[in-house]
Protein chains: 4
Amino acid sequence: MSADKEAQISNERRDQILQSALRRFAKDGYHATKISDIVAEVGVAQGTFYWYFKSKEAIALEIVKEGREQLLEVIAQGYRRKAGTVQDMVHASEALLDRLFQFAESNRYLMELFFGGGGTIEPIRKAIGETRAAMENAFLQNIRRAIELGMLPATIDAEFRAALIMSLIEGVISRWLFGFALPDSGIASKTAQELAAETARFEFFGLLGV
Amino acid sequence: MSADKEAQISNERRDQILQSALRRFAKDGYHATKISDIVAEVGVAQGTFYWYFKSKEAIALEIVKEGREQLLEVIAQGYRRKAGTVQDMVHASEALLDRLFQFAESNRYLMELFFGGGGTIEPIRKAIGETRAAMENAFLQNIRRAIELGMLPATIDAEFRAALIMSLIEGVISRWLFGFALPDSGIASKTAQELAAETARFEFFGLLGV
Amino acid sequence: MSADKEAQISNERRDQILQSALRRFAKDGYHATKISDIVAEVGVAQGTFYWYFKSKEAIALEIVKEGREQLLEVIAQGYRRKAGTVQDMVHASEALLDRLFQFAESNRYLMELFFGGGGTIEPIRKAIGETRAAMENAFLQNIRRAIELGMLPATIDAEFRAALIMSLIEGVISRWLFGFALPDSGIASKTAQELAAETARFEFFGLLGV
Amino acid sequence: MSADKEAQISNERRDQILQSALRRFAKDGYHATKISDIVAEVGVAQGTFYWYFKSKEAIALEIVKEGREQLLEVIAQGYRRKAGTVQDMVHASEALLDRLFQFAESNRYLMELFFGGGGTIEPIRKAIGETRAAMENAFLQNIRRAIELGMLPATIDAEFRAALIMSLIEGVISRWLFGFALPDSGIASKTAQELAAETARFEFFGLLGV
DNA sequence: AATGAATGAGAGTTCATTCAT
DNA sequence: GATGAATGAACTCTCATTCAT
C-alpha cells in the first residue's frame, strides 16, 4: 500500500517533469529550454531532475521514444487486409486520418516536437527522423497492399506517393495545431473529422475531384 | 578604382561569411553553429565577423530576408491571368513547380533552413514562418483566380487546398534534398522536372488519377 | 541475545561500509570515491551511510585512526633493549621489516591509503602525516638507542638516517603492493621475508655491502 | 616587434596561469583547486583560462609533461661512462644528487606534485607514475653500467637497488621541501649539497659506513 | 535501523560579444 | 578593415547531505 503509494508519487514526479519538458521543448525548442525552467515549473529543486533523468538529452530521447510508440500504434490499426471499392478506400483512409488527427489534437506538444522541426541536437533529430520514416513506411505498405489488391494502378510510384501523403499529414497537423497557418485560413477551427475528410478527398481525387 | 576594389573585396568577405553561416545553420542548426566555426571556415578572425554583422541573430535574419526575396520572386512568375483547359492548369502548375524545385536544387542550404525546421530562436522562426506564409498565399491567390475563371469548383476550401499544396512542396523538397526520405525511396535521384510532373499530377488528380 | 545479535549485525554493517570505503579510497582516491559507490557496493541505501558515519570526512578519519593504531603496534614490538653485535642489529632490523611487510601485505588498501599519497583533504592528510611521523619516530628511537649502546657511531645524523630508513620502507611497500614499480622489476613476486632481508642489508651496508 | 611583444605578453599570461595552477595543485591538490581560484590569483576572467587551456585536466597534464622533461634532463647528465674507484662512484652519485636536489629546491611545487602523492585523477596519476618510472629507470641503467664495469658486485638485484635509491630520493625531497619531516629533524635547513653528501654516503655504505 | 527521494550549493565549461591595438 | 585576447553571464551536471516515513 504505502509502497504503492510512494511508487505512484514517484512516478507522478517523473511524469510532471516529463510533461513540463515536453511542453517546453515543443514551444521553445530544445536549446531554449533550460533545466532550471523545467524544475521551476514543477516546483522541485534542480538536483531532483537528475534523480529521474540522466541528462537533458536523455529526457528528450525518452519523450521521443514514448511518443514514437504511441504514434505507431495509432497508425498500425489502419493496415489494409482485403479488397474493396474506391469508396471503401477513401473511407478507410479517412478513418485512419481521423484517428491520427484526434491523437494529434490531444498530444499537440508531442506533435509539435515531431513535426515542428524543433531545433534539437543530432541524436534527437535522428530519433525523430526515424519515427517519421516509420510512419511513412506504414503508409507505403498500405499503398502497396492496395496495388496488390488491384485497387490502385500498378504504375504509380508507391514510395513517392507515400511521401506525398505523409507530407499532407505533416502539413495539416502543423497548420492546424501550431500556428503555421495563414492568418484567416480557418483551419484552426476545424475538427479532426473535417480535416480527415477533406484531406482524404484530396489524397484520392486531387484538386479537381469533388 | 582602389576604393571599388576594396569595396568588392569587402563584399566578398561578407558573402563568404554569409555563405558559411548559411551552410552551417542549415546543416547543424542555429544553436550548434558557433561564430568560431564560421570564421574558422572563412579563415578570418573572430572579431572580423562583427565588422560585417551586428550579431549572430542579425546574420541569420539577413540570410532569411535575402532568401525570402528570391523565393517569392520565383513564385511570383506563376500567377494565373487567363482561363484555359484543365491541361493548361496542370501544365502551368507543373511549370511553377519545376522552377521552384530547380531553385531549391541550387539553393539547398537555404531550403534546408526554410523547410528543415532548423531549430532557431523566435525572431528567426517568425521570419521563416512569414516567408512560408507568403509562399502559401501565392498559391492561394492562384487557386482563387482559377475559381474565378471557372477552372476549379467554387465549393472547395481554397485556403485549405493551398495549405495542402504547400505541404506537398515542403515535403517533396525535404525528402529530395536533405535526407528526410525513406532508405530506398529513390526520390533523391529524381530530377526537378520529374518531381514537378509527379507532384502536379497528384495535386490535380490525387492517388487515383493517372 | 536479540540485542546482542542486532548489535553484532550493526557492527557488521558498519564494518562492511568501512571496508568498502577503505578499498575505494585507496584505489580511486578520496575525491573520486562517492558515497553512492560505497553504499551500492555494500548494498544499502544512501541514507544508511549517515546512520553509521557523520560524514565522508569522518569515515576517512576513522579509517586512518584505526590504521594508525595497528601500524604503530607492529612497530612498537621492535624497540631495541640491549646491546649486541652488528649481526644482531641486522637481524633485529630484518625481523622488524618482516613483520611490517607482512602486515602491509594483509592490509594493502590501508597501506595504499597511507603511502600512496591518496589525494585527500587537509584533515586527513594531516592525520596520515602524523602517522607516518610516528612511524619514523619509532625508527629514530631505535637508532638513538643503538648509538647509546655503542652499536652505531655517535657521529651520524640520527634523524636523517631515520628519514632514510622510513623512505626505504615507504618506497618498498609502494612498489611491492601497488604498481609503483618498473615493468619487469620482479619486486611484486618477492615475499615479505625476501624484501625484509634485502632492505635490511641495504640499510646497513649500502650498495657496496654484500 | 609589436607582434613579438604581443606574443610575449600572451605567453606571460599563459605562464602566469600555469604557475598559479602548479602552485595550487601542489599545495591543495587537484580537486581542491578551482579554476576560479587560479584566475582570481592571476587576475583574469574565468573565460580567459579556457583561451589558453582546454580544460582543468589539460593544464595539469601540461604541467606534468613539462616537468617530466626538465626532470629527466637533470638526471640524463649523470650517465656513467667509464670505470673508476669507489670514491669516483660516490662522488659521481653525490654530484647527481646535488644537481637533483638543487633542481628540486628551485622547483618545489613541481616536486610536490610529483612526489607528494597529490591526489589527482587517473590520467594525471598515470603521467606522474610514468615520470617516476623513467627516473628510476635512469638509476637502474647507472647501476647496470657500474656492474658491467666491475664497480659493483654482479650478485646484487639491480632493479631492487634502483628502487631503493629512488625511494631515498623521494623521501629526502619530500621531507626537505614539504613538511613531511619530524618536528625537530632539522632536515629543512640543510643545503642541497649536504643532503646529497649524506644521501650518497648512505646509498653506498649504509647505516654502518662512515 | 533503514530507506531513498529531495535538496542546493558549487563546480567546470561554453560562447557570443567587446575592444585596444 | 582586421585582429585575437579577454570577458562574464549562463548553462548543465555532481554529489554530500538531509529528512519524512
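Which residues come nearest to DNA strand E? Keep that in mind as you start clicking, and remember that this is a predicted model.

**Stop 1: DNA strand E**

Select DNA strand E and the residues around it. There are 31 of them, and those that come nearest are Thr48(A), Trp51(A), Tyr52(A), Thr48(C) and Tyr52(C). Now look at which part of the strand faces the protein: of the DNA strand E atoms that come within 4 Å of the protein, 72% belong to sugar and phosphate.

Zoom in on three spots here. Start with Thr48(C), where a polar side-chain atom sits 2.5 Å from a phosphate oxygen of DNA strand E. Go on to Ala45(A): a polar backbone atom of this residue is 2.9 Å from a phosphate oxygen of the strand. Then pick Gly47(A), whose backbone has a polar atom 3.3 Å from a base nitrogen of DNA strand E.

Next, color by helix. Helix H3 (46-52) of chain A, of chain B, of chain C and of chain D each put at least two residues into the surface near DNA strand E, and helix H1 (2-28) of chain C does so too. Which helix supplies the largest share of that surface? Select H3(C), which brings 5 residues. If you color the surface near DNA strand E by residue class instead, you should find 12 nonpolar, 12 polar and 7 charged residues.

**Stop 2: where chain B meets chain A**

Hide the DNA and show chains A and B. Here 49 residues of chain B are in contact with 50 residues of chain A. Together the two chains bury about 4200 Å², and carbon and sulfur atoms make up 64% of that. For the residues of chain B that lose the most area to chain A, select Leu182(B), Leu207(B) and Leu208(B); together they account for 18% of what that side buries.

Switch to the charged side chains. How many salt bridges are there between chain B and chain A? The count is 6. For one to look at, take Glu136(A) and Arg175(B), which form a salt bridge with their closest N and O atoms 2.8 Å apart. Polar contacts across this interface come to 15 residue pairs, counting pairs with both residues at pLDDT 80 or more.

Now go through the chain B side by element. Helix H1 (2-28), helix H7 (122-148), helix H8 (158-177) and helix H9 (192-205) of chain B are the ones that give two or more residues to the side touching chain A. H8(B) gives the most, with 13 residues. By class, this side of chain B holds 22 nonpolar, 13 polar and 14 charged residues.

**Stop 3: the axis between A and B**

Keep both chains on screen and try superposing them. Chain B goes onto chain A with a rotation of 180° and 0.1 Å of shift along the axis, at an RMSD of 0.1 Å. That is the relation of a two-fold axis. To find the axis in chain B, select Gly119(B): its C-alpha is the nearest to the axis in that chain, 1.3 Å away. The same surface serves both copies, since 100% of the contact residues of chain B recur in chain A.

**Stop 4: where chain D meets chain C**

Move over to chains C and D. In this pair, 49 residues of chain D are in contact with 49 residues of chain C. They bury about 4200 Å² between them, with 63% on carbon and sulfur atoms. Select Leu182(D), Leu207(D) and Leu208(D), which supply 18% of the area chain D buries against chain C, more than any other three residues.

This interface has 6 salt bridges. For an example, show Arg175(C) and Glu170(D), whose closest N and O atoms are 3.5 Å apart. There are also 13 residue pairs in polar contact, with both residues at pLDDT 80 or more. On the chain D side, which helix gives the most residues? Highlight H8(D), with 13 of them.

To finish, lay chain D on chain C: a turn of 179° and a shift of 0.0 Å along the axis do it, with an RMSD of 0.1 Å. Gly119(D) is the residue of chain D closest to the rotation axis, its C-alpha being 1.3 Å from it. Of the interface residues of chain D, 98% are also interface residues in chain C, so the copies meet through the same surface.

Definitions and conventions:
Residues numbered from 1 in each chain as written. Chains lettered and ligands numbered in written order. Predicted model: local features only at pLDDT ≥ 70, side-chain atom pairs only at ≥ 80, totals over all residues. Heavy atoms only, no water. Contact = heavy atoms within 4.5 Å. Buried area = accessible area lost by both parts, 1.4 Å probe. Salt bridge = Lys/Arg side-chain N within 4 Å of Asp/Glu carboxyl O. Polar contact = N/O pair within 3.5 Å; in protein donor to acceptor, adjacent residues only side chain to side chain. Helix = DSSP H or I, 4+ residues; strand = E, 2+ residues; numbered from the N terminus. Nonpolar A, V, L, I, M, F, W, Y, C, P; charged D, E, K, R; others polar. Near = heavy atom within 4 Å. Least-squares fit on C-alpha atoms with pLDDT ≥ 70 in both.
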